[in-house]
Amino acid sequence: MATETPPPAQTPTRLPSAEEFTEVQQSAEFGELRRAHRSFAFPLTIAFAAWYLLYVLLSNYAGDFMGIKVAGHINVALVLGLAQFLTTFLIAWWYARRAATRLDPRAEAIKSRMEGGA
């Protein structure tokens with residue numbers, strides 16, 4: 001029994017020229033796409049970096065605070081450390097959701113126009 005599947009049908013796409021790339025890059029539509037991405041990604045990146053730096057600084061300079069027991073052997077340091085993982089996954093989920101609804105349709109429209117689809 002053969003397990004190989006045939007390759008997907010390849011539809012030829014037109015490759016844009018360098019001038020077309022430059023023209024699209026300078027367009028208002030591309031500028032709005034870039035602005036939409038940056039207005040979301042940059043503030044979240046700065047906020048997460050600040051949150052991570054706060055955790056590191058507290059770990060280094062506020063040992064008494066970080067050692068406070070919350071429940072049993074669980075202390076503030078462990079809770080904040082696990083919160084780092086939680087916020088990482090939440091930000092990734094939030095970005096993926098936002099990109100799928102607001103960025104990807106715009107990028108796909110630009111791409112299809114550049115490839116001659118529209």
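Is E29 buried, partly exposed or exposed? E29 is partly exposed, with a relative accessible area of 35%. The legends below describe close-up views of a predicted model.

**View 1. A salt bridge joins E29 to R113.**
The closest N and O atoms of E29 and R113 are 2.0 Å apart. This pair bridges distant parts of the chain: E29 belongs to helix α2 (residues 28-61), R113 to helix α4, and 84 residues separate them. Side chains of opposite charge can pair when their charged atoms come close. R113 is partly exposed, at 38% relative accessible area. E29 also counts as partly exposed, because its value of 35% falls between the limits of 20% and 50%. In total, the model has three salt bridges.

**View 2. E32, R35 and R106 form one salt-bridge network.**
Start with E32 and R35. Their salt bridge has its closest N and O atoms 3.3 Å apart. Both residues sit in helix α2, three residues apart, so about one helical turn separates them. E32 is partly exposed, with a relative accessibility of 35%. R35 is partly exposed too, at 49%. That value stays below the exposed class, because exposed means over 50%.

Now turn to the other partner of E32. A salt bridge links E32 to R106, with 3.7 Å between the closest N and O atoms. E32 is in helix α2 and R106 is in helix α4, so this pair ties together parts 74 residues apart in sequence. R106 is partly exposed, with a relative accessible area of 33%. Shared partners join E32, R35 and R106 into one network.

**View 3. L33 is a buried residue of helix α2.**
How large is the relative accessible area of L33? The value is 12%. L33 therefore counts as buried, since the cut-off is under 20%. Setting aside residues up to four places away in sequence, L33 touches L103, R106, A107 and I110. One of these contacts, R106, also forms a salt bridge with E32. For scale along the chain, L33 and P43 are ten residues apart in sequence. Their C-alpha atoms are 16 Å apart in space.

**View 4. Six residues make up the largest nonpolar core.**
The members are L33, A36, A99, L103, I110 and M114. Helices α2 and α4 each supply at least two of them. Which helix gives the most to this core? Helix α4 does, with four residues. Two of the core members, L103 and I110, are also among the contacts of L33. M114 has contacts of its own to show. Apart from neighbours within four places in sequence, M114 is in contact with R14, P16, E20, F21 and V24.

**View 5. Q84 is a buried residue in helix α4.**
Helix α4 covers residues 76-114, and Q84 is found there. The relative accessibility of Q84 is 8%. Q84 counts as buried because that value is under 20%. What does Q84 touch, leaving out residues up to four places away in sequence? The contacts are F48, W51, Y52 and Y55.

**View 6. A nonpolar patch lies on the surface.**
V70, I74, L78, V79, L82, F85 and F89 make this patch. Its area is about 680 Å². Helix α4 contributes the largest share, five residues. Take F89 as one member of the patch. F89 lies in helix α4. Its relative accessible area is 59%. F89 is therefore exposed, as the limit is over 50%.

**View 7. Two spans carry a transmembrane annotation in UniProt.**
The unreviewed UniProt entry assigns "transmembrane region" to residues 40-58 and 70-96. In the model, residues 40-58 are 100% helix and 0% strand. The end C-alpha atoms of residues 40-58 lie 27 Å apart. Residues 70-96 are 78% helix and 15% strand. The end C-alpha atoms of residues 70-96 lie 33 Å apart.

Key: Residues numbered from 1 in each chain as written. Predicted model: local features only at pLDDT ≥ 70, side-chain atom pairs only at ≥ 80, totals over all residues. Heavy atoms only, no water. UniProt positions renumbered as here; feature names shortened; annotations may be inferred. Helix = DSSP H or I, 4+ residues; strand = E, 2+ residues; numbered from the N terminus. Buried < 20%, exposed > 50% of the residue type's maximum accessible area, 1.4 Å probe, protein only. Contact = heavy atoms within 4.5 Å. Salt bridge = Lys/Arg side-chain N within 4 Å of Asp/Glu carboxyl O. Core = buried A, V, L, I, M, F, W, Y, C linked by side-chain atoms within 4.5 Å. Patch = residues over 30% accessible without salt bridge, like charges linked within 9 Å, V, L, I, M, F, W, Y side chains within 5 Å. Areas by Shrake-Rupley, 256 points an atom, 1.4 Å probe, with all protein chains shown as cover.
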